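Student: I should like to learn how to read the features of a structural model. May we work through one example together?

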Amino acid sequence: MSDAALSPLLGRFIGRMPPALRAAVETAGVLVRYPDGATIQQRGDRKPGLSIVGAGTARLSTTDPEGGRSTYIDMKAGDSFGEMTLFLDIPRAMDAVAVGDTVIREVSRDRFRRLIDQQPELRDHLLVTLASQLSLALERLDDQRRLPASVRLAKTLIAMAARDGEGYVVRGSQSGLAEAIATSRVTAGKALAELADAGLVETGYRAVRIPDIAALEGWIADRSVVPPLVAERD
């Protein structure tokens, strides 16, 4: 992760497919190559279909009315975006720019629908993925209303954590963590310090280590109004 705020489910539609199904979807796509800094899509583009990162990075971001840009997520090889446009007549919601030489496999809506007719299990996989994203989004909206920043940050760290030796690690900047919980960098820093003082995390340069993830989950449960939903960890 760079400075991007990472959703644990966003982009994993392709990555979690059975190999044969994934190969069928990728074969239906057309490869488009983008040099570093090139625009892959802009917010508002009418581009129905699925975009799969084949190589490089697609950086998804949004711009506020004052012109400030916030990076939302860095899509790496195997990640995908545009799922909502497969069934809804809506434009792309974010800007996407190539970071380094990037290859995108574009699967049009028509090709994807034909593929669903041929392989109905693809529809089931898509519905599960979108339902999981919706469930997580609703939980995060509720968290924003109910929970202090330290608990929201702890939940986000668990969702973003990757196994590293005996524990887990989250790599990225404090600004990225702040964006992930929709707060300021100062507030995110205070929340991170609270977790570190409690011995639940260890901070380093662009990394947060979680030595005992079960302990962090227990700490969250003790402070949650409703039982937390923990995303599946790889």
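Student: Is Arg206 buried, partly exposed or exposed, and what decides it?

Tutor: In this predicted model, the class follows from the relative accessible area: buried means under 20% and exposed over 50%, with partly exposed in between. Arg206 has a value of 34%, so the residue is partly exposed.

Student: Where does Arg206 lie, and what is notable about its backbone?

Tutor: Arg206 belongs to the loop between S9 and S10. Its phi is positive, about 55°, although the residue is not a glycine. The two strands form a hairpin with two residues between them, and Arg206 sits in that turn.

Student: How are the strands of that hairpin joined, and which residues are partners?

Tutor: For a pair of strands, one reads the direction and the bridges. Strand S9 (residues 202-204) runs antiparallel to S10, and three bridges join them. One bridge partner pair is Gly204 with Ala207 of S10. S10 (residues 207-210) is also joined to strand S8 (residues 167-171), by four bridges and again in antiparallel fashion. There, Val170 has Val208 of S10 as its bridge partner.

Student: In what order do the strands of the sheet stand?

Tutor: The order is S7-S8-S10-S9, an open sheet of four strands with antiparallel pairing. Strand S7 (162-164) and S9 are the edge strands; each has a single partner strand, so one side of each is left without a neighbour in the sheet. On average, neighbouring strands are turned by 35° against each other, direction ignored.

Student: Which helix packs on this sheet, and which strands does it touch?

Tutor: Helix H5 packs on the sheet and touches S7, S8 and S10. The direction of H5 makes about 100° with that of S8.

Student: How should I read a nonpolar core, and which residues have the most contacts inside the largest one?

Tutor: The general idea is that in soluble globular proteins, nonpolar side chains tend to be buried together. Here the largest nonpolar core has 24 residues, and those with the most contacts inside it are Leu153, Leu157, Leu195, Val201, Ile210, Leu216 and Trp219. At least two residues each come from H5 (149-160), S8, helix H7 (185-197), S10 and helix H8 (213-223). The most, seven residues, come from H5.

Student: What does Leu195 touch?

Tutor: Leaving aside residues up to four places away in sequence, Leu195 touches Ser150, Leu153, Ala154, Leu157, Leu200, Val201, Leu216 and Trp219. There is also a second, separate core of 17 residues, which includes Leu21, Ala24, Ile116 and Leu130.

Student: At what angle do helices H3 and H4 pack, and how far apart are their axes?

Tutor: A helix pair is described by the angle and the separation of the axes. Helix H3 (residues 109-118) and helix H4 (residues 121-146) pack at about 115°, with axes 6 Å apart. H3 contributes Phe112, Leu115, Ile116 and Asp117 to the contact, and H4 contributes Leu122, Arg123 and Leu126. By type, these residues divide into five nonpolar, no polar and two charged.

Student: Is Ile52 buried or exposed, and what does it touch?

Tutor: Ile52, in strand S3 (residues 49-63), has 1% relative accessibility and therefore counts as buried. Not counting residues up to four places away in sequence, Ile52 touches Ile14, Val25, Glu26, Asp79, Ser80, Val103, Ile104, Arg105 and Val107. The C-alpha atoms of Ile52 and Gly82 are separated by 8.8 Å, with the two residues 30 apart along the chain.

Student: Ser80 is among those contacts of Ile52. Is Ser80 buried or exposed, and which side chain does it have a polar contact with?

Tutor: Ser80 lies in strand S5 (residues 80-81). With 0% relative accessibility, Ser80 counts as buried. Its side chain and that of Glu83 are joined by a polar contact of 3.1 Å.

Student: Which totals describe the whole protein?

Tutor: The protein has eight helices and 10 strands. Of its 234 residues, 45% are buried. Among contacts with a separation of 6 or more, 73% are between residues 24 or more positions apart.

Conventions
Residues are numbered from 1 along each chain as its sequence is written. This is a predicted model: local features need pLDDT of at least 70, side-chain atom pairs count only at pLDDT 80 or more; totals for chains, interfaces and linings use all residues. Side-chain values use heavy atoms; hydrogens and water are left out. Two strands pair if DSSP finds at least two bridges between them. A nonpolar core is a set of buried Ala, Val, Leu, Ile, Met, Phe, Trp, Tyr and Cys residues joined through side-chain atoms within 4.5 Å. Buried means under 20% relative accessible area, exposed over 50%, partly exposed in between (1.4 Å probe, protein chains only). Contact means heavy atoms within 4.5 Å. Axes are lines fitted to C-alpha atoms, for helices over the stretch in contact, and angles run from 0 to 180 degrees between N-to-C directions. Ala, Val, Leu, Ile, Met, Phe, Trp, Tyr, Cys and Pro count as nonpolar, Asp, Glu, Lys and Arg as charged, and the others, Gly among them, as polar. A polar contact is a pair of N or O atoms within 3.5 Å; within protein, one must be able to donate a hydrogen and the other to accept it, and residues adjacent in sequence count only if both atoms are side-chain atoms.
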